[in-house]
Amino acid sequence: GPVGCPAVFSLSKMDYEYEERVSVKLDPKRTIVYECKPWPYGDHCRSNSANIRNPVAEFGKMGWSLVGQCFGSMAHTAAPTPAPTSAPSKGPSDVPSQSPSKTPSGVPSDVP
């Protein structure tokens, strides 16, 4: 079943522990969980650079692993959570592809 959400990631927190989990709210309906990687990669979770320390930043995956989506808090809820939506999000994601293509498109752009 869905996982309850751990504490929300805070950019001001500089002492995340190995394997500590945080949640990041992508939009009002979607919250995702990241886990600080074990040593030595987990040291990036405490990086002085916000671009590395933040799990959803450009280099966040150096120290954080994506766990999945979560619902509510870690405490048990009285009622079950609703089923996930079958409709995709309306806009593109702001997160770059985890698997960029190895080769260029081969078709030149019309725009300089």
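This report describes the fold, the nonpolar core, the aromatic pairs and the charged contacts of one protein chain.

The model is predicted, and local features are given where pLDDT is at least 70, side-chain atom pairs where pLDDT is 80 or more, while totals for chains, interfaces and linings use all residues. Residues are numbered from 1 along each chain as its sequence is written, and side-chain values use heavy atoms, with hydrogens and water left out.

## Overall layout

The protein chain has one helix and four strands, in the order β-β-β-α-β from the N terminus. Helices (H or I, at least four residues) and strands (E, at least two) are DSSP runs, numbered from the N terminus. Of the 112 residues, 22% count as buried. Buried means under 20% relative accessible area, exposed means over 50%, and partly exposed lies in between (1.4 Å probe, protein chains only).

The exposed surface of the chain is about 8,400 Å², and carbon and sulfur atoms supply 59% of it. Accessible areas come from the Shrake-Rupley method with a 1.4 Å probe; for residues, only the protein chains shown count as cover. Of the contacts (heavy atoms within 4.5 Å) between residues at least 6 apart in sequence, 50% join residues at least 24 apart.

## Nonpolar core

A nonpolar core is a set of buried Ala, Val, Leu, Ile, Met, Phe, Trp, Tyr and Cys residues joined through side-chain atoms within 4.5 Å. The largest one here has nine residues: Phe9, Tyr16, Val22, Val24, Ile32, Tyr34, Cys36, Cys45 and Trp64. Strands β2 (21-27) and β3 (30-36) each contribute at least two residues to this core. The largest share, three residues, belongs to β3. In soluble globular proteins, nonpolar side chains tend to be buried together.

## Aromatic cluster

The structure holds three aromatic pairs. Rings of Phe, Tyr and Trp (its six-membered ring) pair if their centres lie within 6.5 Å; planes under 30 degrees apart count as stacked, over 60 as edge-to-face, and the rest as tilted.

Phe9 and Trp64 form an edge-to-face pair, because their ring centres are 6.0 Å apart and their planes meet at 85°. Phe9 is in the loop between β1 (3-5) and β2, whereas Trp64 is in strand β4 (residues 64-73), so that the pair links distant parts of the chain, 55 residues apart. Phe9 counts as buried at 12% relative accessibility, and Trp64 counts as buried at 2%.

Tyr16 and Trp64 also form an edge-to-face pair, with 5.4 Å from centre to centre and 75° between the planes. Tyr16 lies in the loop between β1 and β2 and Trp64 in strand β4, so this pair ties together parts that are 48 residues apart in sequence. Tyr16 is buried, with a relative accessible area of 2%. Ring pairs thus join Phe9, Tyr16 and Trp64 into a cluster.

## Charged contacts

A salt bridge is a side-chain nitrogen of Lys or Arg within 4 Å of a carboxyl oxygen of Asp or Glu. The structure has four salt bridges by this rule, including those in the table.

| Salt bridge | N to O distance |
|---|---|
| Glu35 and Arg21 | 2.7 Å |
| Arg30 and Asp27 | 3.1 Å |
| Asp43 and Arg46 | 3.1 Å |

Glu35 lies in strand β3 and Arg21 in strand β2, so their bridge ties together parts that are 14 residues apart in sequence. Arg21 is partly exposed at 34% relative accessibility. In the second bridge, Arg30 is partly exposed at 36%, and Asp27 is partly exposed at 26%. In the third, Asp43 is partly exposed at 34%, and Arg46 is partly exposed at 28%.

Arg46 has an aromatic partner as well: its charged end sits over the ring of Tyr18, 5.0 Å from the ring centre. A charge sits over a ring if NZ of Lys or CZ of Arg is within 6 Å of the ring centre and within 35 degrees of the ring normal.

## Val67 on strand β4

Which residues does Val67 contact, leaving aside its neighbours within four places in sequence? They are Arg21, Val33, Tyr34 and Glu35. Val67 lies in strand β4 and is partly exposed at 37% relative accessibility. Val67 and the core residue Val22 are 45 residues apart in sequence and 9.7 Å apart in space, C-alpha to C-alpha.
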